[in-house]
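Let's take a friendly walk through a protein structure. Have the sequence and the 3D view ready as you read.

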Amino acid sequence: MNQLLETTMKTAIKLGLALAALSTAPALAHEKHGHATFSAGEPGNPKKPARTIEILMNEMDYTPARIEVKRGEQIRFVLRNVGKEDHEFLLATTKENLAHAQEMKKHPHMEHDEPNAVRLAPSKTAEILWKFSKAGTFEFSCLIPDHRDYGMIGHVTVK
Ligand SMILES: [Cu+2]
């Protein structure tokens, strides 16, 4: 191998490593962004009774996309990704989800480990136990860029 080509390749490898290191930085920053309070109620208590609602996630919607609960009721969401792409379920107010969506555009691989949110790979299932302690209208949506706009949004009415 000639000297010039070898030097160029070494530089390219170093640049690649530097970029890889940079790309992990936003994910680390997000882990510190915790919620002390939640806009749609509060995490459920596993010792209390709960009504189970199964929600299927697909490209690009939720089934069912509209549910009604009573104020104070606990819901065990059984979430199944029956689609072919990763999908999320983030339970919050529309305002909070829209703000979060802006953040997701900058960091599309952001992980969610808050009690009101989950990201699922295809064929995976997860549960969220939630107490709807506040009356109002809330939403669940997928904030992977474009998914919400394409229809991945559902509504919860708490009466
Ligand atoms: Cu999605």
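## Contacts of R119

Contact here means heavy atoms within 4.5 Å. Leaving out residues up to four places away in sequence, R119 touches D86, H87, E88, M104, P108, H109, M110 and I144. R119 is found in strand β7 (residues 117-120); strands (E, at least two residues) and helices (H or I, at least four) are DSSP runs, numbered from the N terminus.

The side chains of R119 and D86 are joined by a polar contact of 3.2 Å.

## About the model

This is a predicted model, in which local features need pLDDT of at least 70 and side-chain atom pairs count only at pLDDT 80 or more, while totals for chains, interfaces and linings use all residues. Residues are numbered from 1 along each chain as its sequence is written, and side-chain values use heavy atoms, with hydrogens and water left out.

## The copper site

Which residues hold the protein donors of the copper ion? They are H87 (ND1), C142 (SG), H147 (ND1) and M152 (SD), lying 2.0 to 2.6 Å from the ion. Donors are N, O and S atoms within 2.8 Å of the metal (3.2 Å for Na, K and Ca). In sequence, the donor residues follow the spacing H-x54-C-x4-H-x4-M.

H87 in strand β6 (residues 87-92) and M152 in the loop between α3 (147-150) and β10 (153-158) are 65 residues apart, so this pair links distant parts of the chain. A polar contact, mentioned above, is a pair of N or O atoms within 3.5 Å; within protein, one must be able to donate a hydrogen and the other to accept it, and residues adjacent in sequence count only if both atoms are side-chain atoms. Both H87 and M152 are buried (under 20% relative accessible area, 1.4 Å probe, protein chains only).

Conventions:
Buried means under 20% relative accessible area, exposed over 50%, partly exposed in between (1.4 Å probe, protein chains only).
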